[in-house]
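The following exercises are to be worked with the sequence and the coordinates at hand. Each task is followed by a solution in steps.

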Amino acid sequence: MFFLFWGFLVWLGATAIFRFLGQFFFIPDNTFFLVAAYVIVIPLILVITLPLYRYKKLNAFNQLKAAIFIALPGMLFDVIVLIYFAEFFVNLEPEMDRFFASWLLLAYSVILLTGLIPSGKQRS
């Protein structure tokens, strides 16, 4: 339950950031900021997952389960968010929905991949 709740909080925080500040990341004519949004998400996810796995002293199997549980709430909620993209993200151009969706796929993929990263000696 902890990791589901953590995943919900991560989703809520990211959604709020893009709801209120997304226009600074997803700028149609600014390739630098678009690429930066994609690149920054990778270390950010590593910071919000890997230390947590170590702190909870998860074995490899439980680490993979934790990664799934972290990704799951956001993936489910973003189904609705993406359908109503223009209503949720009034500060973003409607054509940015495809970039945002691909960014989400990258973010959720990285979360899931963190479940496969060995984190040294662990116990269950």
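The model used throughout is predicted.

**Exercise 1. Helix crossings**

Task: Determine the handedness of the crossing of H2 and H3, and classify how H2 and H3 lie to each other.

Solution. Step 1: The crossing of H2 and H3 is right-handed. Step 2: The axes of H2 and H3 come within 11 Å and cross at roughly 140°. Step 3: Angles over 145 degrees would count as roughly antiparallel, and 65 to 115 as roughly perpendicular. H2 and H3 are therefore classed as oblique to each other.

Task: Repeat the analysis for H2 and H5.

Solution. Step 1: Two packed helices are described by the angle between their axes and the distance between the axes. Step 2: For helix H2, residues 31-55, and H5, the axes come within 9 Å, with a crossing angle of roughly 30°. Step 3: Angles under 35 degrees count as roughly parallel, and H2 and H5 are therefore roughly parallel to each other. Step 4: The handedness of the crossing of H2 and H5 is right-handed.

**Exercise 2. Two loop residues**

Task: State what is notable about the phi of lysine 57, and locate this residue.

Solution. Step 1: Most residues other than glycine have a negative phi. Step 2: Lysine 57 is not a glycine, yet its phi is positive, at about 55°. Step 3: Lysine 57 lies in the loop between H2 and H3. Step 4: Because its relative accessibility is 43%, lysine 57 counts as partly exposed.

Task: Is phenylalanine 26 buried or exposed?

Solution. Step 1: Phenylalanine 26 belongs to the loop between helix H1 (2-21) and H2. Step 2: Buried means under 20% relative accessible area; phenylalanine 26 has 2% relative accessibility and so counts as buried. Step 3: Phenylalanine 26 is separated from phenylalanine 99 by 73 residues in sequence, while their C-alpha to C-alpha distance is 7.7 Å.

**Exercise 3. A nonpolar surface patch**

Task: Identify which residues make the nonpolar surface patch and which element gives the most to it.

Solution. Step 1: Leu64, Ile68, Phe69, Leu72, Met75, Leu76, Leu112, Leu113 and Leu116 together make a nonpolar surface patch of about 760 Å². Step 2: Two or more residues of the patch are given by each of helix H3 (60-83) and helix H5 (97-114). Step 3: With six residues, H3 gives the most. Step 4: Methionine 75 is placed in helix H3, and its relative accessibility of 37% is why methionine 75 counts as partly exposed.

Notes: Residues numbered from 1 in each chain as written. Predicted model: local features only at pLDDT ≥ 70, side-chain atom pairs only at ≥ 80, totals over all residues. Heavy atoms only, no water. Patch = residues over 30% accessible without salt bridge, like charges linked within 9 Å, V, L, I, M, F, W, Y side chains within 5 Å. Areas by Shrake-Rupley, 256 points an atom, 1.4 Å probe, with all protein chains shown as cover. Salt bridge = Lys/Arg side-chain N within 4 Å of Asp/Glu carboxyl O. Helix = DSSP H or I, 4+ residues; strand = E, 2+ residues; numbered from the N terminus. Buried < 20%, exposed > 50% of the residue type's maximum accessible area, 1.4 Å probe, protein only. Axes fitted to C-alpha atoms, helices over the stretch in contact; angles between N-to-C directions. Left-handed = near helix turned anticlockwise from the far one by under 90°.
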